[in-house]
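Please follow this structure with the sequence and the coordinates side by side. The paragraphs below move through helix pairs, sheets, annotated positions and unusual backbone geometry.

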Amino acid sequence: ANPGRAPAQKMEFALGGWSHVIREENVSPSFKGKNKLEETVLESELGDLVCMQSLTLQLHYPANACLLPICSLHGAAVTTVEGVGSTKARIHPVQERVAKCHGTQCGFCTPGMVMSIYTLLRNHPEPTLDQLTDALGGNLCRCTGYRPIIDACKTFCKTSPKLFSEEEFLPLDPTQELIFPPELMVSSNHTALFTNDFILGLTLGAGLSLAQVKEILAEVIQKLPEEKTQTYHALLKHLGTLAGCQIRNMASLGGHIVSRHLDSDLNPLLAVGNCTLNLLSKEGERQIPLNEQFLTKCPSADLKPGEILVSVNIPYSRKWEFVSAFRQAQRQQNALAIVNSGMRVFFGEGGGIIRELSIAYGGVGPTTICAKNSCQKLIGRPWNEEMLDAACRLILDEVSLPGWAPGGKVEFKRTLLISFFFKFYLKVSQILKTMDPVRYPGLADKYESALEDLHSRNHWGTSKYQVGNPKQLPQDPIGRPIMHLSGIKHTTGEAIYCDDMPVLDGELFLAFVTSSRAHAEIVSIDLSEALSLPGVVDIVTEEDLRGVNSFCLLIEPEKLLETQEVSCVGQLVCAVVADSEVQAKQAAKKVKIVYQDLEPVILTIEEAIRHHSFFQGERKLEYGNVDEAFKVVDQILEGEIHMGGQEHFYMETQSMLAVPKGEDQEMDVYVSSQFPKYIQVTWVAATLKVPANKIMCHVKRVGGAFGGKVTKTGIMAAITAFAANKHGRPVRCILERGEDMLITGGRHPYLGKYKAGFMNDGRILALDVEHYCNGGSTLDESLFVLETGVLKVDNAYKFPNLRCQGWACKTNLPSNTALRGFGFPQSGLITENCITEVAAKCGLSPEKVRMMNMYKEIDQTPYKQEIDATNLIQCWKECMAMSSYSLRKVAVEKFNSENYWKKKGLAMVPLKFPVGFGSTAACQAAALVHIYLDGSVLVTHGGIEMGQGVHTKMIQVASRELRMPMSNVHLRGTSTETVPNANVSGASLVADLNGLAVKDACQTLLKRLEPIISKNPKGTWKDWAQAAYDESISLSATGYFRGYETHMNWETGEGHPFEYFVFGAACSEVEIDCLTGAHKNIRTDIVMDIGHSINPALDVGQIEGAFIQGMGLYTIEELKYSPQGVLYTRGPDQYKIPAVSDVPTELHVSFLPPSQNSNTLYSSKGLGEPGVFLGCSVFFAIHDAVRAARQERGLLGPLKLDSPLTPEKIRMACEDKFTKMIPRDEPGSYVPWNIPV
């Protein structure tokens, strides 16, 4: 602030080139840019990205809108995605290239991607690949797998291999971009953010953003000798992974320091670097050291009231002084550290004797912890192995972590404390060797790799499409890589989602109140304070829903709202209805609920087994004679594997808007759902006690679903509709990310137990498997998931004698539900883990045992359905060849023999994914096609567009069948008003089923019009439509597909539950750091049998997106629950899905040539789900690397690794002297912070 200047009475900024003035009296705590500034999305729950331009700095930087207080925009120019380009004016090259490179699917994250790339190009019109990777590091996408987005970015890089020709795209012309508004040049009054060299180091202004600090340090390092920049190098290393660039642009250096977060990445380094803080107050200036006392907020060493932090002094390092930074997080980039550290040693004038030593850790206490006593005891000691051993023991003694420590992972954290110091020891030893080779011995060659980071950079990949049919007509779009028809709208922000719908007159907002106990009786609910708050209209309770509060999905009844006995944390108790979102959520916090806890609280599968807590409906499948086969095998192996759950993490949270029509009890429900019929009939109509023909459910598009927008969506839509009906006003409900994750559940955690009988050559003759899934508190779809897992337990293998039994466990967790893959990712992992163990017992490679036991050509599944496995074997062989598996296996073994602390792993898994719903009725579909008199066509069908491109494919179908250009065909969305009784969109069948219905409708129309067309074969569609109308021929037709003939009899264990099989194979290579548990995905090759692709670009996107989602499932996505059943991981800061940095450095996808014709849509196959399972190729590659590490350490016993295979599990499995050195807590002697469910 300028002390000589009066406080501003107004603020000015530019938005999209237009100036805005906001006066002080118009700003309130609930001020939202979204409502005030012409829908420019300055605030959103996911943090829409904006580009900001500063006059003073003449730079552009991306920022999360949710982190931008309006008042911080004074004097700035803000550009949102709408300002970058639009279909109404012109689209920007960034928008065009992301769309044309197929970088959008559901499209909800796309504006953020566009803004990150756009901002980078404003600063660097010809960026490097590293700059691109860094720019996208703060963005998340759940659909695409990132590869096509990276490809779009590469078109702007001059040094990148050309994937596309320049002529395909609009040129990037920096002279056509928005300029900084001249009127703001006068009003801008930014305080200069300073950086100065002082005689002993660098002074950085506290107001500098972390991004600016990063740039300054990079510049300083280039100018100064290396011996002076040790601390700067270490800081720069951490700034490269600290959050994403959007957050680094908004977070200030001073704020980061003074907040003193326990996992601060910079404070440990600043503390060991002897930094000082320059303070200012009315009393004057003073300095304080940034030391342990400051970090622990000791009053004598902290800021006093009225003081502000002005700048930070960071001293130069000296000769013979070395500084290093270390951190380990759940994900490589944009993730809070589990443990981080700063370390500094000074040897005086050389000699290798420690003169000064400072070590500080983050993530292991309430704030940064300094190992001061340990360092003091090590001063005067030589830098050698004896010192290392003593240091490790001293550190473990001083930096003690109790077994119940917040954050959990206690033994892992203890191990990291000394693993980091060992890395520091190695690094310093290596430098000493280069400085004085005579005095200091060098590192063993096998140890040198321990010092190299694992960060993946410069991603590249290939997609090999099928060769087109040369006889196909040029205008026929089937089989061609057509861009997603909403792609441009996704990139311009013009695609409309549920919460983008304008606020309606009199609209109310609904917020839910949820249970805070896992199993308890509700003694009382006090609504009085909540009802007294301004803007609160009503609170809907179980009492309001008398007679309609209960429903039965399968065999277990469930309530909409529960006010008597809650059975999980996150259960819906009541709903607050208010004039605004802020008021509704404030009131929801004021509802007072008194509980009486009940026993037992069952959270884990093991607890459910002990209490015999199961839902009805055990499932069993048996083939051959398992018990007899066990008598004749050479060996018998028993084992088990636990697999954690997974959050859907769709980008668009649960969203709905119920609008009463004002007459005849009619209501329109706009909802982000996969199952409009379900919302309409089962939920809303039943709750309002009206016929379904009074309720119309509309879905334009869904911002990701993956199975998570069916059951819970229906419950919430019913309550929202009830409130709208009661008050005769529109009611909107949009969940925040945290409450969405708490309420909705996700993928079922699984426990798989197996007993395998096999011959010494690896042939498995008998397999007995038990599946236990954690269903949560209500049945939901758990029985269907369990059935699918049992039916698909064989994966790609012919087990001559097989028995599989499954139970759905009833626990006190939120109900788990459908998630992409629907039981197969769990079931398949159990089987593959068994295969891997059998291979180890036989002394064979897992790939050899897999090949030996695979289906061969024509065969029979355990449920007696015929299978032709020719393409399965073909996928396996092609993947072997494409990945150069044999050569790379040799290379991996050579690498492992030469490196002790880094190991590589290579694994290949096959895929047989049966596709079908198990019943004919569940596969039926309908469509409605209109031809208008101008020759244009409108298509409607029952499928939901949720990113998979089904609407694009349906227009391709109509274009082929009617022999007209795709531009003539339009599709508005899905509605129960046009296509009634449509089945759920899921199970990889949406395009299959609805495409056959659209095809049927088009063929009906074409047959009607044949006489018209034959009379005027050279006419246009406009001519034919008019002629048909004149002859009273209907230009509207319904299409219908009755469903595939599928069935399953669980009594006999026989049936034909699936229509066809998708085959595939994936080979993945990884590298792990045995000291930290980090891993790098080096390369993945995928070969898929997809039949005849309708749209190869969309199909590749489905395969890659599913693979990356599966990779997250099996490696980094970890749900954490408290022993009381509270979900800790309620947002992107705690729950990590794969980011750009996690994508394999090389990713290659190839399709088999078209082969078998079938009765599916143009012989295509559904690909939405199969690729998820292929993510386990990364799991088993890590497994391979860990086994190599253990073998080198003489650990030859069984290796049990559960999923997800996180850094914690990798590190603790790579046992060594450090894991043996840490203290271990006796189980039962403490209550852990979290429990595995």
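Helices, of at least four residues, and strands, of at least two, are DSSP runs that are numbered from the N terminus. With these names in hand, and bearing in mind that the model is predicted, one can place Pro 600 in the loop between strand E23 (592–597) and helix H20 (605–610). The peptide bond that joins Glu 599 to Pro 600 is cis, with an omega of about -5°. A second cis peptide bond runs from Ser 1203 to Pro 1204, where omega is near 5°, and Pro 1204 belongs to the loop between helix H35 (1176–1192) and helix H36 (1207–1213). Another backbone feature is found at Phe 649, a residue other than glycine whose phi is positive, near 50°; Phe 649 sits in the loop between strand E25 (635–643) and E26. As background to these cases, most peptide bonds are trans, and most residues other than glycine have a negative phi.

Strand E26 leads into the sheets. It takes part in an open sheet of eight strands with mixed pairing, whose order is E18-E22-E16-E29-E26-E27-E28-E39. Strand E18 (536–540) and strand E39 (974–975) each have a single partner strand and stand at the edges, so one side of each is left without a neighbour in the sheet. Within this sheet, strand E26 (residues 655–660) and strand E27 (residues 667–671) run antiparallel and are joined by five bridges, and Pro 660 has Met 667 in E27 as its bridge partner. Helix H22 (residues 676–688) lies across E27, strand E28 (695–699) and E39, and runs at about 145° to E28.

A further open sheet consists of four strands in the order E38-E37-E36-E40, again with mixed pairing. Here the edges are taken by strand E38 (969–970) and strand E40 (1036–1041), each with a single partner strand, so one side of each is left without a neighbour in the sheet. Strand E36 (residues 925–931) pairs with E40 in the antiparallel sense over six bridges, and Ala 925 stands opposite Phe 1041 in E40. Helix H31 (residues 990–1015) lies across E36, strand E37 (937–941) and E40, running at about 140° to E40.

Which residues does the UniProt annotation "binding site" cover? The unreviewed entry lists Gln 674, Phe 706, Arg 820 and Ala 987. Although these positions are spread over 314 residues of sequence, they cluster in space, with a largest C-alpha distance of 12.6 Å. Of these, Arg 820 is found in the loop between strand E32 (802–810) and helix H26 (824–842). The unreviewed UniProt entry also lists residues 201–319 as "domain: FAD-binding PCMH-type"; the end C-alpha atoms of this span lie 14 Å apart, and the span is 39% helix and 21% strand.

Two helix pairs can be set out in turn. Helix H3 (residues 93–100) packs with helix H4 (residues 110–123) at an angle of about 130°, their axes being 9 Å apart, and that angle makes H3 oblique to H4. The crossing of H3 and H4 is right-handed. Val 94, Gln 95 and Val 98 in H3 meet Thr 110, Val 114, Ile 117, Tyr 118 and Leu 121 in H4, and the residues of this contact divide into six nonpolar, two polar and no charged.

In the other pair, helix H27 (residues 846–853) and helix H28 (residues 870–882) pack at an angle of about 155°, with their axes 11 Å apart. Angles over 145 degrees count as roughly antiparallel, and H27 and H28 are therefore roughly antiparallel to each other. Their crossing is left-handed. The contact is made by Glu 847, Arg 850 and Met 851 of H27 together with Ile 873, Trp 876 and Met 880 of H28; by class, the contact of H27 with H28 has four nonpolar, no polar and two charged residues.

Lys 158 remains to be placed. Lys 158 is found in the loop between helix H6 (147–154) and helix H7 (182–187). Leaving aside its neighbours within four places in sequence, Lys 158 is in contact with Glu 126 and Glu 166. Lys 158 and Asp 453, by comparison, are 295 residues apart in sequence and 27 Å apart in space, C-alpha to C-alpha.

How values were computed
Residues numbered from 1 in each chain as written. Predicted model: local features only at pLDDT ≥ 70, side-chain atom pairs only at ≥ 80, totals over all residues. Heavy atoms only, no water. UniProt positions renumbered as here; feature names shortened; annotations may be inferred. Axes fitted to C-alpha atoms, helices over the stretch in contact; angles between N-to-C directions. Parallel < 35°, antiparallel > 145°, perpendicular 65-115°, else oblique. Left-handed = near helix turned anticlockwise from the far one by under 90°. Contact = heavy atoms within 4.5 Å. Nonpolar A, V, L, I, M, F, W, Y, C, P; charged D, E, K, R; others polar. Pairing = 2+ DSSP bridges.
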